[in-house]
Amino acid sequence: GLKINEFKPKAYFSKYCRYKKDVLDVLKVSEGNLPIKYLGLPLSTNQIKDCDCSYLIEKIQNKMETWSCKLLSIAGRIELIKTVVYAIILYWFQTHHIPIATIKKIESRCAEFLWGGKYHKISWDNVCKPKNEGGLGIRNLNDLSLTCKLKLFWRFISGDSLWTKWMTCKYLKNGNFWTILPKNNQSNAWNQILKCRDLGKSLIQRKFKSGNETSLWFDPWFQNDSFINRVGWDN
C-alpha cells in the first residue's frame with residue numbers, strides 16, 4: 001500500500017540524455033537540477049571544482065575548532081589528523097577527483113592545527129614522510145588520492161562485480177581497455193581510471209590459465225606492455 005510522494009523525489013539527468021521527457025512520464029516525478037549534495041558529497045555531471053569542495057573545507061575546519069590545541073600534545077594532534085580528518089577526506093577520494101587547490105587548502109589547515117598557528121617548525125612535505133625517513137607518518141594527500149584511483153583501476157580489471165559489468169557495457173563495449181582514450185562525455189571516475197593505466201599496469205602481474213581472458217595483442221602481459229605497442233599496427 002506504499003506510494004511514492006510525488007512532491008519529494010526528483011530525477012536528475014546528464015546533459016547528454018535524450019530521453020528526459022519519456023523518463024519523467026514513466027516515473028511521474030519532476031526534474032531536478034545538478035549539482036546537489038548527496039550522501040555528504042557533491043553530485044554533478046561535471047568534474048567537481050574547488051568551489052564545490054567548500055563545505056569539505058568547512059567540515060574539517062569545524063572539527064579542528066572543536067579541538068583545543070592547548071590541551072593536546074603533538075602526538076594527540078597527529079592522531080586526530082590521521083584518524084578523523086583523513087577519514088573524512090578518504091570518503092571523498094573514493095568517489096571524486098579532488099582539485100589540487102582544495103588539497104593544498106586542507107594541508108594548510110592541517111599544518112596550522114598541528115603546529116598551533118601559521119608558523120610551522122617543519123614543512124608539510126617533511127611531515128608527510130615515513131617515520132623512518134624523519135617524518136611524522138602522516139600520509140601525503142596526493143599519494144592517497146592516487147591510491148584510491150588505483151584501487152578503482154584494480155577493481156575494474158580484476159573484479160566481476162555489477163559495477164565492473166556496468167562500466168564495461170557503458171564505456172568499453174567492443175573497445176580494448178588498454179588502448180581506449182578518455183572522452184569529455186564520459187564520467188570523471190572512468191577517465192581517472194584510464195589516466196592511471198600506465199602506472200597501474202607497471203604494478204600488476206598476470207597469471208595465465210586457459211588464456212581465454214587474455215588478449216595476445218592488447219593486454220600488457222609482456223614486460224608491462226602490449227605487443228601492439230611494441231610492433232605497431234603496420235607490422
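Visitor: Which helix has a kink, and where is the kink centred?

Guide: Look at α3. This is a predicted model. Its helix α3 has a kink of about 40°, centred on Y86.

Visitor: Which residues of α3 are buried?

Guide: Y86 is one of them. The others are R77, I78, L80, I81, V85, I88, I89, W92 and F93.

Visitor: What covers the buried residues of α3?

Guide: The cover includes the strand β4 (41-43). It also includes the helices α2, α4, α5 and α6.

Visitor: Now the largest nonpolar core. Which of its residues touch the most other members?

Guide: The core has 32 residues. V85, Y86, I89, F93, I106, W124 and L141 touch the most other members. Five helices each supply at least two residues: α2 (54-66), α3 (74-93), α4 (100-115), α5 (124-127) and α6 (141-158). The largest share, nine residues, comes from α3.

Visitor: Take I106. What does I106 touch, leaving out residues up to four places away in sequence?

Guide: I106 touches L56, I57, I60, I89 and L141. Apart from this core lies another, of 14 residues. Y171, L172, I180 and L194 are among its members.

Visitor: Next, a charged residue. Is E107 buried or exposed?

Guide: E107 sits in helix α4 and is buried. Even so, E107 has no salt bridge. The nearest side chain of opposite charge is K104, 7.7 Å away. A salt bridge needs the charged atoms within 4 Å. Leaving out residues up to four places away in sequence, E107 touches W124 and L141.

Visitor: On to the rings. How many aromatic pairs does the structure hold?

Guide: The structure holds 11 aromatic pairs. Read each from two values. A pair of rings is described by the distance of the centres and the angle of the planes.

Visitor: Why is the pair of F156 and W163 edge-to-face?

Guide: Check the angle. The planes of F156 and W163 stand at 85°, with the centres 6.4 Å apart, so the pair is edge-to-face. Planes over 60 degrees apart count that way. F156 is buried, at 7% relative accessible area. W163 is partly exposed, at 22%.

Visitor: What of F156 and W190?

Guide: That pair is edge-to-face too. The centres are 5.1 Å apart, with 75° between the planes. F156 lies in α6 and W190 in α8 (residues 188-195), so the pair ties together parts 34 residues apart in sequence. Both F156 and W190 are buried.

Visitor: Which residues form one aromatic cluster?

Guide: F156, W163 and W190 belong to it. So do F153, W166, Y171, F177 and W178.

Terms used: Residues are numbered from 1 along each chain as its sequence is written. This is a predicted model: local features need pLDDT of at least 70, side-chain atom pairs count only at pLDDT 80 or more; totals for chains, interfaces and linings use all residues. Side-chain values use heavy atoms; hydrogens and water are left out. A nonpolar core is a set of buried Ala, Val, Leu, Ile, Met, Phe, Trp, Tyr and Cys residues joined through side-chain atoms within 4.5 Å. Buried means under 20% relative accessible area, exposed over 50%, partly exposed in between (1.4 Å probe, protein chains only). Helices (H or I, at least four residues) and strands (E, at least two) are DSSP runs, numbered from the N terminus. Contact means heavy atoms within 4.5 Å. Lys and Arg count as positive and Asp and Glu as negative; His and the chain ends are not counted. The bend at a residue is the angle between axes fitted to the seven residues ending there and the seven starting there. Rings of Phe, Tyr and Trp (its six-membered ring) pair if their centres lie within 6.5 Å; planes under 30 degrees apart count as stacked, over 60 as edge-to-face and the rest as tilted.
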